[in-house]
Amino acid sequence: MLANWYDFRDLGNGVERLLEALRDGGASDGVIYVVAGALGAAAILALVGLTTLINIWIERRLIGRIQVRRGPNRVGPFGLLQPVADALKLIQKEALQPYNADGLVFSLAPIVIFVPAILAFAVLPWGEKMVLADLNVGVLYLLALGSTNTIIVFMAGYASNNKYALLGSMRVIAMLISYELPGVLALLGVTLFAGTMSLSGIVAFQDTHWTWLVFLQPLALLIFFIGSTAELNRTPADIAEAESEIVAGFHIEYSGMKFGLFYAVELVNAVAISAIVASLFLGGWWTFGLEQWVPGWLIFIGKAYAVYFVLIWFRGTLPRFRIDQLMAFAWKFLLPLAVVNVFMSATEVFIWREYELSAGVVLPIFAVVNVALAGALIAGWSRVMMQPFVRFPRRARLVSDIDVPLPGDAAREPAAV
Amino acid sequence: MPIKTEPFVMNIGPQHPSTHGVFRMRVTLDGERITDAEMVIGYLHRSMEKLAEERTWTQNIPFTDRMDYLAAMTGNLGYCIAVERLAGIEVPERAQYLRVMFAELQRIASHAMANGTFINDCGAWQTPLFYMFREREKILDLFEMACGARLTLNYMRIGGVAFDLPDEFMPRLQSLIDELPDRIAEYEGLSLENEILLMRSRDIGVLSPELAINASVSGPMLRGSGIAWDVRKADPYSIYDRFDFDIPVGYNGDCYDRFIVRMEEVRQSVRIVKQAMEGLPAGNHLADVPLNFRPPEGELYSRIESPKGELGFYLVSDGGPVPYRFHVRSPSLINLSALREMVIGQSVADAIVTLGSIDINVGEVDR
Amino acid sequence: MASATTLVPGPQLAERISAAVPDSVVGVQEGWVEVDAGKLLDVGRFLHDDRELDARYLNQLGAVDRFDYFEVVYHLTSLSHNHEMVLKVRADHDEPQVPSVVSVWYGAHLQEREAYDLMGIRFPGHPDMKRLFLWEGFPGHPLRKDFMSLPGGFKPGLQRFPKEDPEAWGGEFRAD
């Protein structure tokens, strides 16, 4: 049953009508395929371009608010045209290339890094019918795209012939490979529950069972989200570009629009990760029946931006981990939790499927159990992890008069704390 | 086949977001671990000690602004006290109170800057800096009311202070002092409870008390290592012996200790300013000192507690209108003595945090 | 605790020093003790290790050009007894040399480099005797009183790159 083409609650309707008309007109499958692909790709590219421009403004304004200042407010109304001005400035600037740089790789890296960032949008379900490529291995596809970033960042860092860039790209490799693992394991729990790897299938699961997966998989959301911030090079895991240490990391030598591409990709990736989190854990376009009244794609974008806001919030408030602490966090904190999560999910899904229990009964119980478990695990584990750092109080001792506990003066040694 | 390796030498600075000026550290790296560090300074050297030998005692006061430009008031104070001790000049009571008040306000501003940049070096994306700037702005506004300048103040004179306070000054100061304790509590709540900050700075850049004394470090760095030494208490200058305040002391000598010591010092400075406001007498603000006076022949080392540490002036007079020798014991420079020992064996990220916790001011390092 | 730092009187300090390190004291004033440059390290070690003098903190190291000789001044403080003492060493003007005290007070490290850089006093025994502020190859030591009357003189603007243009400042290259 086709909906009317003007039913804008799902923009897929119009496309479907168009393809239907083409088919009736006698077009071959190949033509229809090409038309559908071109339409979807054009829509996604337009959306990505637009969101990048808007996100620059949103991010700068929000960080401005966090930092008790105003943010850009001069160019255009509310500074909305600031991203355009930035882009114009970057296009005008000379694209410098350092002496002894590996020219081809140096120029290729900012272009190539755009590809996985865009490709990630292909499998996202924007609405019930608004999926460009409904892969049945969608989750795997996203994870594969995420890991290609590593090699491209290393291309940029290596080709720059700069020590800061090399350090930054080495850090990226170490970090991304570590964070791949907990991320994959976290999504394993999700796919176990949903029984599918297709993103639209996972959304459909949340639809049919009248729940968001965040309630069933709180640990997975936390692990995946933290792992994603690491892959996005954002604080607290922005060690690859660590401004206060290695200045800008792998893209230190890029100027002009080449730098602009890196900057844009960072934002595109942030949106992609937010959208993935929104569709995997927050129900995607489905929101407890609200999508009957509000276009599902608007809901989806709203959820994605809510997640994106948390990313900006992280960036505005948190200091940065050191690389070994970041790795330790992945291996000692996230990975055990992810394994526990996979185990719990497998057990629960087994109980549910094996005894053919009613979803309406077991899912609330699982949700309560999982949330409680997640809270207990995080609180307990973080306490254990912080043990070595809380030996001393967090306030300075106060001495009211000069009383010098000099080393070697046994009688006047400082009292053991 | 033997693998040929060579050390990875990297320059941190002179133009680097975290060196707070033009300070350069050449580090030799093994992976990310620092095996050797050498600092190269002098990019901001303005030969003040030589220039001061050609200017009269009074004309030298602006140089002390430009040394530690984040704490110009204490630079002024240190020099003026040194010259007054050399020449035996009595300073009026009101000027003494004003000096203490402004020096402590300057300490608050400088420590706010130090703590903000410290968390910034730990990787927070400039947010703490902007928060700390909020209070610093208000203090600079007060300075502007008192002397017309915000950064290079040139406010103290030999024998007092240059100008008396305007009428609007005290209410503004009162409102600032009233809100500061809440602000400090807010900053402490935001930063001290942060686990990442704790992980990044606890046990990093540990300076043992033995090395701290032997390397002549001073100020919050010495106190962070657990040594209760403050020139304001040990050798009270001006009228510091009349005020009631405590010295914060750290536990371990790491970066976090230096950070919490600075946090606490701000609170103690607020106490001192409160007491100075209550005790501020009426009267003259400047002793009658001729513009080109000649102190008697002699020499003297006079020190004060600047926000960075012990700021000393070694002045030699030959009885002439200009100093024969004008030597500054700049705390920023001498606190760097222990830098190499502190950063070797750490990673690059820790070295940046360590450098940030020392709180150098390159204007004072290079002079 | 004493409320203010007291100065250990020169004669008293000289008495103690000469008891520990014979023939080291050259001159005594109320404010300071002048010691022989050759015995400086021994004196420093004695002051540093002595529990009653306890001069473990080197406040500052300053150098003064007195035209016919150089004077290096050490201001020392005992943090536990809260007293300070002043030590002076005289160095010859033509070939100024004072033994380095870095092995006793590590804090002298940068200050000796500074004194070498600006005053031209060499400190044998210093682990890293290089210029601190000025670049290698800078002609002369600017804090000396006769800096302006060096051979070739001080020519503003021309002395910036001496290695590239030695003629510009008098034709000879001073290796220090």
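## Exercises on a predicted three-chain model

Helix α15 of chain A, residues 359–386, holds 28 residues and reaches 39 Å from its first C-alpha to its last. The model is predicted, so please treat what follows as computed from it.

**Exercise 1. Compare the reach of α15(A) with its expected length, then find which residues in α15(A) are buried and what covers them.**

Step 1. At 1.5 Å a residue, 40 Å is expected, and the 39 Å of α15(A) is close to that.

Step 2. Now look for burial, which here takes 20 or more other C-beta atoms within 10 Å of a residue's own. Phe366(A), Asn370(A) and Ala374(A) are buried in this helix.

Step 3. Check the spacing of those numbers against the helical repeat. With 3.6 residues a turn, residues three or four places apart in an α-helix point the same way.

Step 4. Turn to the cover: it includes α9 (213–216), α10 (218–231) and α14 (323–354) of chain A.

**Exercise 2. Work out the strand order of the open sheet formed by β7, β8 and β9 in chain B, and find the helix that lies across β7 and β8.**

Step 1. The order is β7-β8-β9, with antiparallel pairing.

Step 2. β7 (298–306) and β9 (325–329) of chain B are the edge strands, each pairing on one side only. On average, neighbouring strands are turned by 15° against each other, direction ignored.

Step 3. Zoom in on one pair: nine bridges join β7(B) to β8(B), residues 309–317. For a landmark, find Tyr301(B), whose bridge partner in β8(B) is Tyr314(B).

Step 4. The helix is α3 (residues 72–87) of chain B, and its direction is about 150° to β7(B).

**Exercise 3. Describe how chain B meets chain A: how many residues are in contact, and which element of chain B gives the most?**

Step 1. Start with the count: 49 residues of chain B contact 42 residues of chain A.

Step 2. Several elements of chain B supply at least two residues each, among them α4 (93–121), α5 (127–147) and α11 (255–279). The most comes from α7(B), with six residues.

Step 3. Sort chain B's side by character: 27 residues are nonpolar, eleven polar and eleven charged.

Step 4. Finally, look for strand pairing between the chains. β1 of chain A (residues 397–399) pairs with β6(B) in the antiparallel sense over three bridges, and Arg397(A) has Val249(B) as its bridge partner.

How values were computed
Residues are numbered from 1 along each chain as its sequence is written. Chains are lettered from A and ligands numbered from 1 in the order in which they are written. This is a predicted model: local features need pLDDT of at least 70, side-chain atom pairs count only at pLDDT 80 or more; totals for chains, interfaces and linings use all residues. Helices (H or I, at least four residues) and strands (E, at least two) are DSSP runs, numbered from the N terminus. The expected span of a helix is 1.5 Å times one less than its number of residues. A residue is buried if 20 or more other C-beta atoms lie within 10 Å of its own, exposed if 12 or fewer, and partly exposed in between; C-beta atoms are placed from the backbone. Two residues are in contact if their C-beta atoms, placed from the backbone, lie within 7 Å. Two strands pair if DSSP finds at least two bridges between them. Axes are lines fitted to C-alpha atoms, for helices over the stretch in contact, and angles run from 0 to 180 degrees between N-to-C directions. Ala, Val, Leu, Ile, Met, Phe, Trp, Tyr, Cys and Pro count as nonpolar, Asp, Glu, Lys and Arg as charged, and the others, Gly among them, as polar.
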